[in-house]
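Let us read some side-chain contacts together, one feature at a time. The sequence and structure come next.

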Amino acid sequence: MKGLKQKRKERNMTTIELANAIGIKQGSISMYENGKRFPRKEVLNKLCEFFDCKVDDLL
């Protein structure tokens, strides 16, 4: 999910800050960004809401 990393960096946020903002663990954000795991629908929706974007923008 290269788009997720890009959106996070555009806001000058760390993975810890993003994880805290949406209520998940920092390790999960890292795994999503590195393509080792894909977020559940609920988490994906939180990310889209947080960044005010569509799912395609995060992929």
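**Rings and charges**

Q: What lies over the face of F50?

A: R11 does, at 4.8 Å from the ring centre; a charge sits over a ring if NZ of Lys or CZ of Arg is within 6 Å of the ring centre and within 35 degrees of the ring normal. This is a predicted model, in which local features need pLDDT of at least 70 and side-chain atom pairs count only at pLDDT 80 or more, while totals for chains, interfaces and linings use all residues. Residues are numbered from 1 along each chain as its sequence is written, and side-chain values use heavy atoms, with hydrogens and water left out.

Q: How many aromatic pairs does the structure hold?

A: A pair of aromatic rings is described by the distance of the centres and the angle of the planes. The structure holds one such pair. The centres of the F50 and F51 rings are 5.0 Å apart and their planes lie at 85°, so the pair is edge-to-face (rings of Phe, Tyr and Trp, its six-membered ring, pair with centres within 6.5 Å; planes under 30 degrees apart are stacked, over 60 edge-to-face, the rest tilted).

Q: Which salt bridge links distant parts of the chain?

A: Side chains of opposite charge can pair when their charged atoms come close. E33 and R8 meet in a salt bridge at 2.6 Å, N to O (a side-chain nitrogen of Lys or Arg within 4 Å of a carboxyl oxygen of Asp or Glu). This pair links distant parts of the chain, with E33 in helix α3 (residues 26-33) and R8 in helix α1 (residues 2-10), 25 residues apart; helices are DSSP runs of H or I, at least four residues, numbered from the N terminus.

Definitions and conventions:
Helices (H or I, at least four residues) and strands (E, at least two) are DSSP runs, numbered from the N terminus.
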